[in-house]
Amino acid sequence: MAVGIELDGRAALVTGGGAGIGRAVCRWLARAGADVAVADLRGEAAEETAALVAAEGVKAVALTVDATDPEQVGAMVDAAVAALGGLDVAVNNVGMTAGHGTAAFVDWSPQALRDVVGVNLMATAYSCQAEARAMIAAGRGGCIVNVSSGETTRPAPGLAPYGAAKAAVNHLTQTLAVELAPHRIRVNAVAPGTTLTAQVAASLSEEFQASLLGAIPLGALSEPDDMARLVLLVASDLAAHTTGQFLLSDNGAFLSRSRPPYEVR
Ligand SMILES: NC(=O)c1ccc[n+]([C@@H]2O[C@H](COP(=O)([O-])OP(=O)(O)OC[C@H]3O[C@@H](n4cnc5c(N)ncnc54)[C@H](O)[C@@H]3O)[C@@H](O)[C@H]2O)c1
């Protein structure tokens, strides 16, 4: 008996779908049969992903949104529901790892702190709120997947505001799992370890990547498709009894005592 993932006829929304992990998530959801709304700050990038989604033979719509603005997030969810006829799966993937480089916490400016917490925590919180409201109103259950980070499993020197914001996402995920369970809405967090998106590959020197590999038990860094497949699993009925969980996929980096602190150029 073949075991496959079937999302035929489901309506999915992915934030930050214009690049990296988000783009890969959109493509894998589409391959499983879901219709996908691709939301991104960069409208052209969202359009490019939507074209890749449509090529899989499902419905695709591109939405331009700044996920740190609650009004725009509300309009994004309304537009996704209108275009796809509902909302079954929401993947809150917007986040920023390397945008401000790395620095000791005492050297972070107030603006950089606000930016990093805004794009990693507040964007996720606004998205969860708007998505949950739409799912509750429709009364057909649903599934929310928040993209967290392996940096929440240990101190994150150089990336303190990022680690703290993502740790708050983990806590929000657990709480929402309890609050939304009566509405048959599952809420989980998927936590990538270092994943070689174009931006991450460019921001880590070859020497640093080599030192990371040496300290990671499975001796590998992930690709966006690897993370997308985990998100797909969590979003599918194979995980129908899983909620409030933090699913770490980091090649065992969490287990390593010697992993070096991040150096982002
Ligand atoms: N790549 C990694 O190594 C890694 C590791 C751990 C966690 N993560 C997390 O995975 C998620 C995706 O990361 P990635 O590396 O694929 O990122 P990326 O930078 O490659 O892509 C992020 C996308 O989000 C969009 N975006 C940024 N700010 C936005 C906003 N305010 N509103 C709407 N869209 C916005 C960007 O335009 C871009 O298309 C993030 O939450 C990140 O923190 C990534």
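Is Ser256 buried or exposed, and at what relative accessibility? In this predicted model, Ser256 has a relative accessibility of 17% and therefore counts as buried, the cut-off for that class being under 20%. The residue is located in the segment that follows strand β7 (246-249). Its side chain makes a polar contact with the backbone oxygen of Ala215, at 2.6 Å. When residues up to four places away in sequence are left aside, Ser256 is in contact with Ala215 and Pro217. Ala215 thus appears both as a contact of Ser256 and as the residue whose backbone oxygen the serine side chain reaches.

The ligand is surrounded by 31 residues, of which Ile21, Asp40, Tyr162, Lys166 and Thr195 come nearest. Two of these residues, Tyr162 and Lys166, place polar side-chain atoms at short range from ligand oxygen. For Tyr162, the distance between a polar side-chain atom and an oxygen atom of the ligand is 2.8 Å. For Lys166, a polar side-chain atom is likewise found 2.8 Å from an oxygen atom of the ligand. On the backbone side, a polar atom of Ala67 lies 2.9 Å from a nitrogen atom of the ligand. The ligand taken alone exposes 840 Å², and 91% of that area is buried by the protein.

Several helices contribute to the shell around the ligand. At least two residues each are supplied by α1 (20-31), α4 (110-138), α5 (160-180) and α6 (198-203). Sorted by class, the shell consists of 15 polar, 12 nonpolar and four charged residues.

Key
Residues numbered from 1 in each chain as written. Predicted model: local features only at pLDDT ≥ 70, side-chain atom pairs only at ≥ 80, totals over all residues. Heavy atoms only, no water. Helix = DSSP H or I, 4+ residues; strand = E, 2+ residues; numbered from the N terminus. Buried < 20%, exposed > 50% of the residue type's maximum accessible area, 1.4 Å probe, protein only. Polar contact = N/O pair within 3.5 Å; in protein donor to acceptor, adjacent residues only side chain to side chain. Contact = heavy atoms within 4.5 Å. Near = heavy atom within 4 Å. Areas by Shrake-Rupley, 256 points an atom, 1.4 Å probe, with all protein chains shown as cover. Nonpolar A, V, L, I, M, F, W, Y, C, P; charged D, E, K, R; others polar.
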